[in-house]
Amino acid sequence: MNKHTLDLSDILQKKQKQQVFKPLKWTIILGLLTGLIYLGFQFALPWHWQLFFRWLVRGGDVNTIPTSLAQELNNLCQTANRSHHVNGYNGSKAIAYSLGKFECKLSRDQKFWLIYDIYGFDSTKEAMKGTPIAVLMIKLAGQDYTYKIKASIPKKS
């Protein structure tokens with residue numbers, strides 16, 4: 001038998017495998033790349049952007065606050081009025097953008113501040129206070145989703 005004879009069945013099987021695996025390979029690569037970008041956003045962006053992306057992907061309620069904000073939140077919680085409301089706009093931009101006006105009261109054992117807020121957008125007008133990209137994302141994702149921030153931080157004297 002001649003070594004130079006072409007076997008068409010082998011060639012056709014290879015082409016068929018390439019047609020199936022090529023889109024699958026690109027789908028997996030794009031999925032991994034998207035996941036890595038999302039993780040990068042979660043760790044590199046300020047907390048208010050992390051909350052915004054959490055809102056976009058319908059991430060559910062929040063029960064932790066970054067430890068970097070704990071000291072400033074401690075100071076702000078001490079300024080709470082009788083109804084336990086705090087004006088976060090008197091604090092840093094990170095707290096103003098992420099919490100705004102929020103509720104802060106002492107736990108029963110007086111060792112923790114309990115922080116409560118509802119985060120979401122009721123209208124595109126609220127997003128316009130932020131950045132143009134926020135407006136675009138709101139228009140794409142919709143406006144009908146909010147979630148609760150229910151967290152606690154240790155009280156420091």
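Good morning. I begin with a single pair of side chains: those of E103 and K105 meet in a salt bridge, with 3.9 Å from N to O. A search of the whole structure finds one salt bridge, and I should say at once that what we are looking at is a predicted model. As general background, side chains of opposite charge can pair when their charged atoms come close. Both partners here are partly exposed: E103 has a relative accessible area of 22%, and K105 has one of 35%.

Let me now step back to the overall layout. The protein chain contains six helices and four strands. Read along the sequence, these elements follow the pattern α-α-α-β-α-β-β-α-α-β. Of the 157 residues in the chain, 28% are buried. The accessible surface comes to about 11,400 Å², and carbon and sulfur atoms account for 60% of that area. Among contacts between residues at least 6 apart in sequence, 55% join residues at least 24 apart.

I turn next to the interior. The largest nonpolar core has 27 residues, and those with the most contacts inside it are W47, L73, L99, F102, I115 and I149. Which elements each supply at least two residues of this core? They are α2, α3, β2 (101–106), β3 (112–120), α6 (132–141) and β4 (146–154). The element that gives the most is α2, with six residues.

That contribution may be set beside the burial of the helix itself. Helix α2 is mostly covered, since eight of its ten residues are buried. The buried residues are W47, H48, Q50, L51, F52, F53, W55 and L56. Just after this helix, R58 takes a positive phi of about 60°.

One of the core residues named a moment ago deserves a further word. Setting aside neighbours within four places in sequence, I149 is in contact with W47, L51, V62, S98, L99, I115, Y116, D117 and Y119. Next to I149 in number is K148, which lies in strand β4. K148 counts as partly exposed, because its relative accessibility is 36% and the partly exposed range runs from 20% to 50%. Residues up to four places away not being counted, K148 touches D61, V62, Y116, D117 and I118. The C-alpha atoms of K148 and V62 are separated by 6.3 Å, although the two residues are 86 apart along the chain.

Helix α3 is the next topic. Its buried residues are A70, L73, N74, L76 and C77. Why can they be said to line one face of the helix? Seen down the axis of α3, the buried residues fall within an arc of 165°, so they line one face. The general geometry is helpful here: an α-helix has 3.6 residues a turn, so residues three or four places apart point the same way.

Within α3, I would single out N74. N74 is buried, with a relative accessible area of 0%. Leaving aside neighbours within four places in sequence, N74 is in contact with W113, I153, P154, K155 and K156.

Before α3 comes S68, found in the loop between α2 (47–56) and α3 (70–77). Is S68 buried or exposed? S68 is exposed, with a relative accessible area of 65%. Its C-alpha atom and that of W47 are separated by 9.9 Å, the two residues being 21 apart along the chain.

I come now to backbone angles in two other loops. In general, most residues other than glycine have a negative phi. H84, which is not a glycine, has a positive phi of about 70°. H84 is found in the loop between α3 and β1 (85–87), and is partly exposed at 35% relative accessible area. Q110 also is a residue other than glycine, with a positive phi near 65°. Q110 lies in the loop between β2 and β3, and is partly exposed, with a relative accessible area of 46%.

Finally, I would draw attention to the outer surface. Which residues make a nonpolar surface patch of about 290 Å²? The patch is made by L24, I28 and L32. Of these, L32 is found in helix α1, residues 8–44. L32 is exposed, with a relative accessible area of 56%.

Thank you for your attention.

Notes:
Residues numbered from 1 in each chain as written. Predicted model: local features only at pLDDT ≥ 70, side-chain atom pairs only at ≥ 80, totals over all residues. Heavy atoms only, no water. Buried < 20%, exposed > 50% of the residue type's maximum accessible area, 1.4 Å probe, protein only. Patch = residues over 30% accessible without salt bridge, like charges linked within 9 Å, V, L, I, M, F, W, Y side chains within 5 Å. Areas by Shrake-Rupley, 256 points an atom, 1.4 Å probe, with all protein chains shown as cover. Salt bridge = Lys/Arg side-chain N within 4 Å of Asp/Glu carboxyl O. Contact = heavy atoms within 4.5 Å. Core = buried A, V, L, I, M, F, W, Y, C linked by side-chain atoms within 4.5 Å. Arc of directions from axis to C-beta.
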